[in-house]
Amino acid sequence: TDEIARLSVYFFRQGRTAEDALELTRVAAIAAKVAAIDMTDSANYLTSAINGFGMAADEAMSVSDKFAALGASSASSYEEMAIALSKVAPVARTAGVGIDFMMGILAKGIETTREAPENIGTAFKTVFARMTQIREFGATLDDATGVNKVEEALKQAGVALRDSEGQFRNMDAVLTELGMAFDTLDRNQQAYIATALAGTRQQSRLLAVMQNFNRTMELVDIST
């Protein structure tokens, strides 16, 4: 009872309506029990996910179900999925990436590398930043990689970064096209594209998701 009371206060302090606060309290309490995690952590994970993707309180149970389904269907866990998503959610939404695609990507990265979930979430935060932060053609990133270099790398796989009007495409569409073509590329092309999109430090995590991309899409479907 005491934990439930603390949870409700946590959500009321976010400025939630009574109806939303009680629904989020219910979901966070159930999720904590199912995933065997602390209730405060459960509340933080749900808050990060629904705020990051601009979702309503009544979608919280759906988010919790996605964490649980992927934890049961891949070499990851509810908590690992939640932690990884918390690192990338706002950036993913800005880049035009939906929650199901993002969860599938993260699950594949976690099960392939078995690295800490923070590392996988942060890796894709970097990828989306590199692919979308450049506003002027020819501007460069920290390591002198320019938008033209990123686009040139994607063209190796026949993938466009921007549409006919020069606007960035949704990054889930870009990465899906890249993933579907990835296994047809040779190792040098794969390494070149991964380094251009993710940088030297994160390229191995992008490669883990792009290789055997059918498995990635299987995990996306499970989340959906």
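Select Gln 202 first: at 10% relative accessibility, this residue counts as buried in the predicted model. Gln 202 is placed in the loop that joins helix H10 (187-198) to helix H11 (203-210). Display its surroundings next. Leaving aside residues up to four places away in sequence, Gln 202 touches Asn 119, Thr 122, Ala 123 and Thr 126.

Proceed to H11 itself. This helix is mostly covered, with 6 of its 8 residues buried. The buried residues to colour are Arg 205, Leu 206, Leu 207, Ala 208, Val 209 and Met 210. Which helices do the buried residues of H11 pack against? The partners are H6, helix H7 (117-132), helix H9 (171-182), H10 and helix H12 (213-223).

At the far end of this helix, select Asn 212, which follows H11 and has a positive phi, near 55°. Asn 212 lies in the loop between H11 and H12. Its relative accessibility of 45% makes Asn 212 count as partly exposed. Most residues other than glycine have a negative phi. Asn 212 is not a glycine, yet its phi is positive, at about 55°.

Arg 114 is the next selection. Although Arg 114 is not a glycine, its phi is positive, at about 55°. The residue is located in the loop between H6 and H7. Is Arg 114 buried or partly exposed? With a relative accessible area of 45%, Arg 114 is partly exposed.

From this loop, step back to H6 and bring H5 into view. Helix H5 (residues 78-94) and helix H6 (residues 99-113) have axes that come within 10 Å and cross at roughly 130°. The two helices are therefore oblique to each other, and H5 passes H6 in a right-handed crossing. To see the contact, show Glu 80, Met 81, Ala 84, Leu 85, Val 88 and Ala 92 on the H5 side. On the H6 side, these residues meet Ile 99, Met 102, Met 103, Leu 106, Ala 107 and Ile 110. The residues of this contact of H5 with H6 comprise 11 nonpolar, no polar and 1 charged.

A second helix pair, H2 and H3, can be viewed in the same manner. The axes of H2 and H3 come within 8 Å, crossing at roughly 120°. That angle makes H2 oblique to H3. The crossing of H2 and H3 is right-handed. H2 contributes Leu 24, Val 27, Ala 28, Ala 29, Ala 31 and Ala 32 to the contact, while H3 contributes Met 39, Ser 42, Ala 43, Leu 46 and Ile 50. How do the residues of the contact of H2 with H3 divide? There are 10 nonpolar, 1 polar and no charged residues.

The tour ends at H1. Select its buried residues, Leu 7, Ser 8 and Phe 11. Looking down the axis of H1, one sees these buried residues fall within an arc of 95°, so they line one face of the helix. Their cover includes helix H2 (18-35) and helix H3 (39-52).

Finally, select Val 9, which is also placed in helix H1 (residues 2-12). Val 9 has a relative accessible area of 39% and is partly exposed. A distance label drawn from Val 9 to Leu 22 shows a C-alpha separation of 9.7 Å, for two residues that are 13 residues apart along the chain.

Conventions:
Residues numbered from 1 in each chain as written. Predicted model: local features only at pLDDT ≥ 70, side-chain atom pairs only at ≥ 80, totals over all residues. Heavy atoms only, no water. Helix = DSSP H or I, 4+ residues; strand = E, 2+ residues; numbered from the N terminus. Buried < 20%, exposed > 50% of the residue type's maximum accessible area, 1.4 Å probe, protein only. Contact = heavy atoms within 4.5 Å. Axes fitted to C-alpha atoms, helices over the stretch in contact; angles between N-to-C directions. Parallel < 35°, antiparallel > 145°, perpendicular 65-115°, else oblique. Left-handed = near helix turned anticlockwise from the far one by under 90°. Nonpolar A, V, L, I, M, F, W, Y, C, P; charged D, E, K, R; others polar. Arc of directions from axis to C-beta.
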